[in-house]
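Hi everyone, thanks for making time this morning. I'd like to walk you through a structure, and please do have it open while I talk.

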Amino acid sequence: MQETVNVAFIGNPNCGKTTLFNAYTGAKLKVANWPGVTVEKKEGIMKYHDAKYKLCDLPGIYSLTSYTMEETVSRNYILSDDVDIIVDVVDASALERNLFLALGLIELGKPVVIALNMMDIIEERGMEIDLHRLPEMLGVPVIPVSARKRTGLSTLMHAVAHHVTEKSDKPVHHHSEGSHVHKHHDELAMVYSDDIEDKIDALSTLLQEKYKNLGNYRWYAIKTLEGDKDILENYPVDIKFDDKNYEDEIINQKYEFIEEIISETLVNKDEKARKTDKADKALTHPVWGIPIFLVIMAAVFFLTFTVGDFIKGYFEKGLDILSGALPPALEKMGAGPMLVSLIVDGILAGVGGILTFLPNIFILFLALAFLEDSGYMSRIAYVMDNVMGKIGLSGRAFIPMILGFGCSVPAVMASRALEDRRDRIKTILVTPFMSCSARLPIYIMFSEMFFEKYAMLVAYSMYIIGVIAAILIALIMSKIDKKRAEHSLLIELPEYKMPNIHTVFIYVWEKVKDYLTKAGTTIFIASIILWFLLNFGFGGLTDNMGDSFAGVLGKNLVPILKPAGLGFWQIAVALIAGVAAKEVVVSSTGVLFGVANAASAAGRAAIFASFQGIGFGAVNAMSLMLFCLLYIPCVATIATIRREAGRKWAWASALLHLSTAWLVSTLFYTIASLL
Amino acid sequence: MRLVEGKKGQTYTVKAINAEESLERRLRMLGLTDGSFISILGKKRCGSMVVKIRGTRFALGSAVSSAIEVGGETECRKL
């Protein structure tokens, strides 16, 4: 049994850790161009020269002090004994800032290899890094790589394999010698001033006496001197220095050393990064920033509806042919009428109907991928900071909300980047109001059926109403907890870049795969269950759906839904089923009315006729769309909220969404009926 | 003066940070040490701004830009 080497990938946010991790492990974790994409620790296995390596991708951090949940994840893991070697991914195009974390990691005393990423960008800019001097000054190996172009990867693994056991080279010393000798100075890259070093030595001696087997006493001494809460609590020592702020002093001296490194290793610092400044002039303009953002979002949905619908036309034709040809073919194979009904009215109506919306979903995620990989995402936080401040949230909270247009589950998780717990909870509660891609089929189907010419306008309005609902609810919540806006936004704005085709491909493919999987699992099963519940009642097989299990259940809910204009048992059943996944509202409509090709023109006409038969008109349809927009997010989202915020908030979320949905659609229906 | 009163297109030197400990520590770790340079690339009326610290762009909310005490205005130099 060979041993597994645990390799931790760590680095500043947005420096390319996940890209590197994907390149090694073949994983398809999400990559994008904004800080904070990775919020969870992810592991992967790779083999290199007969040895097994467990790679671990971590959320980005700026230092070894933690503020947010994701940073805590990284720090705790790095400090644990599970890590054999640290690969510090350093963004070469932002060397100065990245080296701060590097110095902290080297101080930890574990083997460190620096992966100098984004070397291609450095070259493009006409900059050079002295790759001989840099490792000399740091005392650890520095391997130039490009995670995106996959260069230098085997050299990096080679260095990892070697340095996991061997002690690193001694740094070549350049420090001006102090007045007297301190412990182990020749082994260290970062040496502080005499004043600080004396205290570090004194503290490590004390720590050594009091705590056996701590390992790297120097690191604990530095952290004690910095006043690190965790270390002070767990390893208190009785020593009092004057009240000077040693933490500032330590940070200052680290940066002084970094300035020295930069001046010796970075050649031709004159960067040509003016493109980003130019783009920012427009995109973060104090006046035009918000209108430009709104236009970009409008364009995203315009493309989703127009281009998506265009391709969808072909999918519908295919489904039409299939639903026409399938029953005779099945009968020929000897399938009984019951089985034919299950396959055609149950599965095909449910799953097939959902599949026709794939083009719209595809285009939506393609547009979102461009948005995320271009670097615009964190600008949105800046542009919206003022507006968000008015509702008691940081501009940072807008990023999860935008992600909510794709899927609420990752959006809720992205809220981890928020420091304040109350901000997190608020963001988690309002994010599901943003129309996720699962609600798209509902809007498309009902708006095309009942509003024809104005279909796109109606669908647009759903998105806008969702945003308004989110803002209003957040506003009400901030009134309740009386928290004043803090305007404490602090987010890195990465350079703009052309979205990477590979990254966009992974992003979109993963989402399309999710959608297909959902169609094949949740929606497939929901359709079958629904078919059974609709065709069987307390008296066994029934011809009248109204007497079936589902019918009886739906009828019981009619009085509650009546004020909202949704007092139809079929709608009640569809809404309950929709909690499994919101697309199920569409698929179950197909099953409920026994129309296999629900999305096509002919199928739509059949459903439309059935709707008119039960007295369900345009006003009811609008009310239904509003209800679907606002009511309980799907099971997956609720489960995520429970994991992120606890059971209490998961219930609160379900209740909040359900009551908002009922109130808004009832209000709408009441007013619309009066007109 | 405070950074929030600064002008777009100017570079300042950091004199002090008057914020609660966690925010101050955070800014320090990003390289905002006393004597370091900070350039204002963009500014909104409400006081939030886009700045460059040690070669990296950051967006700061008004509370953050008000907490940074600066001096020594110069033309935006290439940082």
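Let's start with a cysteine: does Cys634(A) count as buried or exposed? With 17% relative accessibility, Cys634(A) counts as buried. Before I go on, please keep in mind that this is a predicted model.

While we're on cysteines, let me deal with disulfides. Searching the whole structure turns up zero of them over all chains. For Cys634(A), the closest cysteine sulfur sits in Cys436(A), and at 6.5 Å it is too far for a bond. Over in chain B, Cys46(B) has 30% relative accessibility and therefore counts as partly exposed.

Now a step back to the layout of chain A. The domain assignment gives domain 1 at 4–163, domain 2 at 185–267, and domain 3 in two pieces, 289–484 + 522–674. Taken over C-alpha atoms, the centres of domain 2 and domain 3 of chain A are 55 Å apart.

One helix I'd like you to look at is H20(A), residues 440–451. How well does its length agree with what we should expect? Its twelve residues should span 16 Å at 1.5 Å a residue, and the end C-alpha atoms are 15 Å apart, so the two agree. Eleven of the twelve residues are buried, so the rest of the structure largely encloses this helix. Among those buried residues are Leu440(A), Pro441(A), Tyr443(A), Met445(A), Phe450(A) and Phe451(A). Just after the helix, Glu452(A) takes a positive phi of about 30°.

Follow the chain a little further and you reach Leu457(A), in helix H21, residues 455–480 of chain A. Leu457(A) has 58% relative accessibility, so this leucine counts as exposed. Ser447(A), by contrast, is one of the buried residues of H20(A). The two are ten residues apart along the chain, and 8.8 Å separates their C-alpha atoms.

A quick stop at Asp120(A), which is found in helix H4, residues 119–124 of chain A. Its relative accessibility is 10%, so Asp120(A) counts as buried. Which residues does Asp120(A) touch, leaving out those up to four places away in sequence? The answer is Ser146(A), Arg148(A) and Lys149(A).

That brings me to charged pairs. Side chains of opposite charge can pair when their charged atoms come close. In this model the count comes to 38 salt bridges over all chains, and I've picked out a few.

The first on my list is a local one. Asp195(A) forms a salt bridge with Lys199(A), with the closest N and O atoms 2.7 Å apart. Both residues lie in helix H7, residues 194–210 of chain A, four residues apart, which is about one turn of the helix. Asp195(A) is partly exposed at 32%, whereas Lys199(A) counts as buried at 11% relative accessibility.

Next, Lys497(A) and Asp373(A) form a salt bridge, and here the closest N and O atoms are 3.1 Å apart. Lys497(A) lies in the loop between strand S9 and helix H22, and Asp373(A) lies in helix H14, so the pair ties together parts that are 124 residues apart in sequence. Lys497(A) counts as partly exposed at 27% relative accessibility, while Asp373(A) is buried at 3%.

The next pair is Glu644(A) with Arg424(A), whose side chains meet at 3.0 Å, N to O. Glu644(A) is in helix H28 and Arg424(A) in helix H19, so to speak two distant parts of the chain linked across 220 residues. Both partners are buried: Glu644(A) has a relative accessible area of 6%, and Arg424(A) has 5% relative accessibility.

There is also a network of salt bridges, linking Arg125(A), Asp277(A), Glu495(A) and Arg57(B).

Let me finish with chain B. What pattern does chain B follow along the sequence? It reads β-α-β-β-β-α-β, which comes to two helices and five strands. The radius of gyration of chain B is 11 Å, close to the 12 Å that the globule rule gives for 79 residues, so chain B is as compact as a globular protein of that length. Its C-alpha atoms fill a box of roughly 30 × 25 × 20 Å along the principal axes. Buried residues make up 61% of the 79 residues in chain B. Finally, among chain B contacts between residues at least 6 apart in sequence, 60% join residues at least 24 apart.

Thanks for listening, and I'm happy to go back to any of these spots.

Key. Residues numbered from 1 in each chain as written. Chains lettered and ligands numbered in written order. Predicted model: local features only at pLDDT ≥ 70, side-chain atom pairs only at ≥ 80, totals over all residues. Heavy atoms only, no water. Domains from an automatic or database assignment. Expected span 1.5 Å × (residues − 1). Buried < 20%, exposed > 50% of the residue type's maximum accessible area, 1.4 Å probe, protein only. Contact = heavy atoms within 4.5 Å. Disulfide = S-S within 2.5 Å. Salt bridge = Lys/Arg side-chain N within 4 Å of Asp/Glu carboxyl O. Rg over C-alpha atoms; globule rule 2.2 N^0.38 Å.
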